[in-house]
Amino acid sequence: IEGQSVEVSNIVYIRRVYNREIAMRISSSIDSQNRFYTDLNGYQIQPRRTMSKLPLQANVYPMTTMAYIQDAKYRLTLLSAQSLGVSSLESGQIEVIMDRRLMQDDNRGLDQGVHDNKITANLFRILLEKRTVVNMEEEKKSVSYPSLLSHITSSFLNHPVFSMTEKIPVPTLQLLGEFSPLLSSLPCDIHLVNLRTIESQENDKPSDEAALILHRKVFDCRFSSRDTGLLCSTTQGKILVQRLFNKFTVASLVPSSLSLMHSRPDARNISEINLSPMEISTFRIRLR
């Protein structure tokens with residue numbers, strides 16, 4: 001997966017300039033016809049159109065995790081590890097506003113200039129994909145969907161693995177050579193948002209239950225995943241609970257609200273998880 005995209009890292013520092021904005025522009029031969037796509041909070045993609053009659057700032061939209069331009073042959077996706085403003089002022093271009101420094105108020109509600117600029121690291125991935133089948137009717141819809149490869153690349157970028165070690169004065173514990181809690185990989189379109197213990201209501205110690213939060217993403221299946229390095233598959237949102245964990249037995253799995261505060265009156269122990277597209281589901285899970 002890592003080899004399918006180009007990583008771009010920018011270190012931005014504009015404390016020495018005045019009334020300037022710095023942006024990164026990506027130019028391509030894609031005939032996007034002043035149409036581009038941005039995501040809403042990392043969940044769904046909306047089409048945008050650059051309108052020449054509007055000022056520049058009116059053609060800039062928020063980019064939470066990704067933005068892309070496309071034509072009948074290719075799609076160029078810019079994946080971001082931070083939320084920034086994005087636009088496409090010309091056909092085949094993507095502009096990302098990375099920082100700005102103003103010495104006076106811009107009448108946008110701040111009531112002061114922007115003087116607190118810091119050294120900022122920006123991390124991006126540029127992904128170029130071929131489009132195999134194009135349905136012009138779907139091009140007119142109000143939503144769009146990334147490819148499966150784009151989703152996985154965004155997960156690598158926004159959910160990196162952090163290795164943490166603990167310094168123990170007397171080494172009394174033996175470290176495991178490896179730890180594989182799952183029997184197999186989760187389906188490609190299902191993201192493990194969190195798996196954490198739930199505190200006991202009686203004392204400050206953790207209870208014997210854990211919170212399992214899953215998010216099923218929607219992807220455009222017309223992009224080929226061949227030779228991309230994807231080793232997982234999709235299961236239409238179905239997960240067999242007893243085949244999920246390695247060396248653990250699921251004693252119970254009960255659906256709950258997202259905040260874990262409420263459960264439906266008819267909530268019961270289930271053996272199969274069925275996730276709807278674009279939905280986040282929370283479960284109370286007990287392992288033994």
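**A tour of two cores and a sheet**

Start with the largest nonpolar core of this predicted model. This core has 18 residues. Select Met24, Met63, Leu78, Val96 and Phe124, the residues with the most contacts inside the core.

Next, colour the strands that build this core. At least two core residues come from each of β1 (6-12), β2 (20-27), β6 (66-70), β7 (74-80), β8 (84-87) and β9 (93-101). Which strand gives the most to this core? Pick β9, which supplies three residues.

Now zoom in on Met24 and show what surrounds this residue. Leaving aside residues up to four places away in sequence, Met24 touches Val8, Asn10, Leu78, Ile94, Glu95, Val96, Met98 and Phe124.

Time to move on to another core, which lies apart from the largest one. This second stop has 15 residues, and you can find it by selecting Leu186, Ile239, Leu244 and Ile285, which are among them. As background, nonpolar side chains in soluble globular proteins tend to be buried together.

For the next stop, switch to a cartoon view and look for an open sheet of four strands, in the order β11-β12-β16-β14. The pairing here is antiparallel. Which strands are at the edges? Select β11 (190-199) and β14 (250-256): each of these pairs on one side only. Look along the sheet as well, where the twist from one strand to the next averages 25°.

Finish at the pair formed by β14 and β16 (residues 280-287), which run antiparallel and are joined by six bridges. To see one position up close, select Val250 and, opposite it in β16, Leu287.

Definitions and conventions. Residues numbered from 1 in each chain as written. Predicted model: local features only at pLDDT ≥ 70, side-chain atom pairs only at ≥ 80, totals over all residues. Heavy atoms only, no water. Pairing = 2+ DSSP bridges. Axes fitted to C-alpha atoms, helices over the stretch in contact; angles between N-to-C directions. Core = buried A, V, L, I, M, F, W, Y, C linked by side-chain atoms within 4.5 Å. Buried < 20%, exposed > 50% of the residue type's maximum accessible area, 1.4 Å probe, protein only. Contact = heavy atoms within 4.5 Å.
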